[in-house]
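The following exercises ask the reader to classify residues, trace contacts and describe the fold from atomic coordinates. Each task is followed by a solution in steps.

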Amino acid sequence: NGRETMETKNKITVRGELALALAVLVNSFAVAMTVYAGLGISPVSSFPYAVSLVFPFFTLGTWTYLFQGVLVITLMVLRKRFVPSYLFSFVVGFCFGKLLDVFGAWLPCLPYGWGWRIFYFVASCPVIALGIALSNRCKLPIIPTDLFARDLAEIIKKPYPKVKTTMDLTCVGVAAVLTVAGTGTLKGVGIGTVVAALTYGRLAGVVGNLLDKKFYFVSVLEK
C-alpha cells in the first residue's frame with residue numbers, strides 16, 4: 001500500500017530474523033563483558049546476577065532465563081490473555097542465557113587492567129543499545145527483558161525510554177538490597193550499573209531513530 005511505499009522508499013530492507021539473531025548475540029556478549037569489567041553489571045541483568053550470588057546453585061545464565069520467564073508471565077497477566085508469541089520469546093531468552101554463560105567462560109582470557117576494564121564497560125554501552133534497538137524493530141518475539149519494557153510501554157501508554165529507564169533503576173535498586181541482605185556487601189551494582197540505568201533507554205532510543213532513517217525491517221510474522 002501507499003504507506004508501506006513511503007516507509008520503505010530509499011531504505012534498506014533487513015530481515016527481522018537476522019536482526020533478532022544479531023541482537024541476541026551482541027547483547028549476551030555485551031552483558032558478559034559488563035560482568036567481566038567489574039564496574040557494575042548491566043541494569044536488567046543486575047537482579048538475576050544478585051540472585052546468582054545469594055543462591056549460587058544455578059548459574060547466572062539459568063537465573064537470567066528464569067527471571068525472563070517471570071517477566072513473560074507478568075506481561076500476559078497485564079494483558080489478561082494468553083499470548084502464544086510470548087512463549088517463543090522465552091525460547092529466545094533461553095538462548096540468551098546460554099550464550100551469556102558461554103561468553104562469561106571465555107572472557108577471562110582477555111586482559112584485566114583498570115584501563116581495559118573501563119574500555120570493556122564503555123564499549124558495551126552502545127553495543128547493548130544497538131541490541132535493544134534491533135530487538136524493538138525486528139517484528140518478532142524478542143528477549144523477554146527487552147520485550148517487557150517495549151510491551152509495558154504500549155500497555156500503559158508511556159514513552160519507551162521512560163519505561164526502560166524506570167525498569168532499569170528498579171532492577172538496580174532491588175539487586176542492591178538483595179546483595180547487601182544476602183551477602184553482607186554490595187556486589188554487582190557499581191557506578192557502571194547506575195550510569196547504564198540512566199542511559200540505556202535514552203541511548204537505545206537514539207540508536208533506534210538512526211536505524212529508522214536507513215533501514216526497514218520485515219519478518220515472517222509481519223501482517
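**Exercise 1. Classify Thr165 by its accessibility and describe its surroundings.**

*Solution.* Thr165 has a relative accessible area of 9%. The buried class covers values under 20%. Thr165 is therefore buried. The model under study is a predicted one.

The next step is to place the residue: Thr165 belongs to helix 8. Leaving out residues up to four places away in sequence, Thr165 touches Ala197, Leu198, Gly201 and Arg202. A distance completes the description: Val24 is 141 residues from Thr165 along the chain, and the C-alpha atoms of the two are separated by 20 Å.

**Exercise 2. Determine whether Lys164 is buried or exposed, and list what it touches.**

*Solution.* Lys164 is found in helix 8. Its relative accessibility is 1%, so Lys164 counts as buried. Not counting residues up to four places away in sequence, the residues that Lys164 touches are Val44, Ile132, Asp146, Ala149, Tyr200 and Gly201.

For the charges of the chain as a whole, the count is 21 positive and 10 negative side chains. The centres of these two sets lie 5 Å apart.

**Exercise 3. State the order of the secondary-structure elements and assess the overall dimensions of the chain.**

*Solution.* First, count the elements: the protein chain has nine helices and two strands. Second, read them from the N terminus, which gives α-β-α-α-α-α-α-α-α-α-β.

Third, compare the radius of gyration with the expectation for a compact globule. For 223 residues that expectation is near 17 Å, and the protein chain has 17 Å, so the two agree. Along the principal axes, the C-alpha trace spans about 60 × 40 × 30 Å.

Fourth, consider burial and contacts. Of the 223 residues, 48% count as buried. Among contacts with a separation of 6 or more, 79% come from residues 24 or more positions apart. The chain exposes about 11,100 Å², and carbon and sulfur atoms supply 72% of this area.

**Exercise 4. Identify the residues that touch the most other members of the largest nonpolar core, and the elements that contribute to it.**

*Solution.* A general expectation comes first: in soluble globular proteins, nonpolar side chains tend to be buried together. In this model the largest nonpolar core holds 54 residues, of which Leu20 and Tyr86 touch the most other members. Two or more residues of this core come from each of helix 2 (16-37), helix 4 (60-79), helix 5, helix 6 (114-137), helix 7 (144-156), helix 8 (160-183) and helix 9 (191-214). Helix 2 gives the most, with 10 residues.

The surroundings of Leu20 can then be listed. Not counting residues up to four places away in sequence, Leu20 touches Phe88, Val92, Cys138, Leu140, Pro141 and Ile142. Another core, of six residues, lies apart from the largest one and includes Ala50, Val172, Ala176 and Ala197.

**Exercise 5. Describe the environments of Ser89 and Pro48.**

*Solution.* Ser89 lies in helix 5 (residues 84-106). With a relative accessible area of 0%, Ser89 is buried. Beyond its neighbours within four places in sequence, Ser89 is in contact with Val72, Pro141, Ile142, Ile143, Pro144 and Leu147.

Pro48 lies in helix 3 (residues 43-54). Its relative accessibility of 1% means that Pro48 counts as buried. Leaving aside residues up to four places away in sequence, Pro48 touches Leu60, Trp63, Thr64 and Phe67. For the pair Pro48 and Phe67, the separation is 19 residues in sequence and 6.5 Å in space, C-alpha to C-alpha.

**Exercise 6. Examine the backbone and the exposure of Lys139 and Lys157.**

*Solution.* Begin with phi. Lys139 is not a glycine, yet its phi is positive, at about 60 degrees. Lys157 also has a positive phi, near 60 degrees, and is likewise a residue other than glycine.

Next, locate the two residues. Lys139 is in the loop between helix 6 and helix 7, and Lys157 is in the loop between helix 7 and helix 8.

Finally, assign the exposure classes. Lys139 has 35% relative accessibility and so counts as partly exposed. Lys157, with a relative accessible area of 69%, is exposed. The boundary between these two classes is 50%.

Methods: Residues numbered from 1 in each chain as written. Predicted model: local features only at pLDDT ≥ 70, side-chain atom pairs only at ≥ 80, totals over all residues. Heavy atoms only, no water. Helix = DSSP H or I, 4+ residues; strand = E, 2+ residues; numbered from the N terminus. Rg over C-alpha atoms; globule rule 2.2 N^0.38 Å. Buried < 20%, exposed > 50% of the residue type's maximum accessible area, 1.4 Å probe, protein only. Contact = heavy atoms within 4.5 Å. Areas by Shrake-Rupley, 256 points an atom, 1.4 Å probe, with all protein chains shown as cover. Lys, Arg positive; Asp, Glu negative; His and termini not counted. Charge placed at Lys NZ, Arg CZ, Asp CG, Glu CD. Core = buried A, V, L, I, M, F, W, Y, C linked by side-chain atoms within 4.5 Å.
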